[in-house]
Amino acid sequence: MKKIFLLTVLLFSVLSASAQTNTVVSRHNLRQEISRVFFRAQQASNAAASPAVQADQKFASTPEVATSSLTSDDLIRKIQRAYISRKPSVRPEKQWQIALFLADTNRPLSETLGILRKKITEGTLRHAAVLDISPRAKKRQTQKENPAAAQEYPAVFYFLYMGQNKPITEKIAADSTVDAPDLLAPLFEHFQNTQDVYSAAIIDGHGSGFDMFYGENGWLDMEQILSSLQGAGLSLDVLNLASCHMGSLYNLHQLAQYKNVAYLVASSDIMTGNSERTYYTLLQHLNAAPRQAAINAAASARKVHHFDDSYSTNNVIALHLPGLFAPVQNWFNDYGRVMLAGSDRLQKDMLQVFDPRWGTWRSLNKILRRQTEYLLNSQEKLEWNGYELPELKQNCIQSARILEEALRENTLTQWCYSEQLGRVYVDQIPPNIDCLDGVSVTKKQLEYLVETETPALEKQLEKQYRLSRLRFLM
């Protein structure tokens with residue numbers, strides 16, 4: 001009886017206060033209620049006026065619309081757009097639209113939603129979509145012990161936009177049968193594909209350099225993120241991977257395949273932060289255009305990190321990606337062909353440059369220089385079908401130098417912490433310092449890339465072999 005009384009009081013207080021509603025719906029009227037959510041968003045867009053609230057005011061909790069769970073089939077069909085956003089009414093420059101995938105259970109969601117509401121009120125943020133997947137970790141922890149309790153931890157969407165007088169937050173839950181990769185498409189589908197707004201995404205998890213961990217046996221890789229963007233017909237101005245090790249060669253290679261992100265903010269080693277308010281630094285710089293926002297986000301991350309004995313290095317980089325797509329792809333193709341056409345000894349020596357910390361995270365810049373030096377001094381022959389292809393070596397050396405130059409030109413800002421010397425290096429990082437300057441790479445990444453790309457690389461080698469034979473016969 002007490003719950004019924006409280007719900008009744010809440011319903012009447014909300015209806016009398018504003019046009020916002022706080023409604024609990026059953027599964028049977030879910031579709032109808034989602035339609036009403038979109039209709040309310042349209043009404044709010046039409047009635048939106050310039051916010052009178054100051055930027056630094058404290059925000060109270062905003063009403064939320066809680067729906068019943070969504071199945072996998074329902075999700076893609078029913079969440080086409082979270083809302084229809086309003087035209088900018090505060091600032092003459094472009095506003096931002098932003099999506100957040102949150103998989104870390106240690107950071108309070110309330111702080112993130114508070115920052116987003118503040119940015120919407122300021123007028124820098126047009127709308128935001130948040131997918132909180134962190135309860136899945138709790139679900140997996142309890143699933144074996146109590147399957148019924150596991151159902152209490154769904155993934156939850158939050159859609160935020162400007163109402164007539166203040167930001168509105170809408171909430172939609174997806175049931176436990178919907179896995180994280182399937183939730184990415186609805187996260188991006190609400191975005192506007194227009195030129196009058198900047199687009200960004202923050203993906204938060206525990207990174208491995210290849211993918212991100214969001215709970216027991218739960219992994220989200222870069223290709224899933226980029227293919228979801230492609231499926232939504234969307235390109236991002238800024239992608240912020242708020243995870244360890246995700247500023248890696250492997251992810252740069254994946255980005256070069258899709259070419260749907262302009263700027264990347266990531267850590268090539270360990271990324272730490274003391275709270276969510278300072279961890280998602282990109283949210284603090286939405287008053288700038290994408291290039292400057294990416295630079296500012298990477299630079300300001302340095303101010304909120306803790307440097308202690310538990311981490312050997314910490315760093316963040318901001319990259320301009322279009323200038324790296326072709327150099328990364330060309331170098332990898334040349335490197336892969338060298339590895340396939342080389343002897344066992346050459347292959348071992350090309351990977352031996354990771355010593356003395358063989359196989360651990362290393363700077364791509366440093367590995368390129370070491371492998372180039374080895375190829376220049378090596379007398380090992382490169383053969384395919386028993387036919388020598390000496391040009392493979394020269395092509396790899398040339399493309400490595402081009403990639404080195406591209407990395408210098410397209411690394412907007414970077415910093416790293418050297419525990420060895422107890423100081424932070426910004427942008428100008430000495431080559432002899434044991435810091436990850438820029439993009440990182442591991443022996444495992446290079447081996448895995450060559451292994452997965454071997455069929456394509458073999459076709460390239462066969463084509464190069466035939467051309468060389470033709471030139472010889474002529």
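In this predicted model, the largest nonpolar core holds 81 residues, and Leu239, Trp331 and Tyr335 touch the most other members. Helix H12, spanning residues 322-341, gives the most to this core. Its contribution is nine residues. Leu239 illustrates the packing. Residues up to four places away in sequence set aside, Leu239 touches Ala201, Ile203, Met222 and Leu255. Leu239 also touches Val261, Tyr263, Leu264 and Val265. Another core lies apart from the largest one. This other core has 40 residues, including Ala128, Leu283, Ala293 and Ala298. In soluble globular proteins, nonpolar side chains tend to be buried together.

Helix H9 covers residues 249-258. Nine of its ten residues are buried, so H9 is largely enclosed by the rest of the structure. The buried set begins with Leu249, Tyr250, Asn251, Leu252 and His253. Gln254, Leu255, Ala256 and Tyr258 are also buried residues of H9. Leu255 is thus a buried residue of H9 and one of the residues touched by Leu239. Lys259 follows the helix. The phi of Lys259 is positive, near 55 degrees.

A search of the whole structure finds one disulfide. The bond joins Cys416 to Cys435, with an S to S distance of 2.4 Å. This distance meets the disulfide criterion, because the two sulfur atoms must lie within 2.5 Å. The torsion about the S-S bond is about 105 degrees, so the disulfide is right-handed. Cys416 lies in strand E15, residues 411-418. Cys435 lies in the loop between strand E16 (423-426) and strand E17 (440-441). The pair therefore ties together parts that are 19 residues apart in sequence. Both Cys416 and Cys435 are buried. Cys396 is buried as well, with a relative accessible area of 2%. That value falls under the 20% cut-off, so Cys396 counts as buried.

The protein chain as a whole was also examined. The chain has 474 residues, and 55% of them count as buried. There are 16 helices and 17 strands in the chain. Among contacts with a separation of 6 or more, 79% are between residues 24 or more positions apart. The protein chain exposes about 21600 Å². Carbon and sulfur atoms supply 50% of this exposed area.

Key. Residues numbered from 1 in each chain as written. Predicted model: local features only at pLDDT ≥ 70, side-chain atom pairs only at ≥ 80, totals over all residues. Heavy atoms only, no water. Helix = DSSP H or I, 4+ residues; strand = E, 2+ residues; numbered from the N terminus. Buried < 20%, exposed > 50% of the residue type's maximum accessible area, 1.4 Å probe, protein only. Core = buried A, V, L, I, M, F, W, Y, C linked by side-chain atoms within 4.5 Å. Contact = heavy atoms within 4.5 Å. Areas by Shrake-Rupley, 256 points an atom, 1.4 Å probe, with all protein chains shown as cover.
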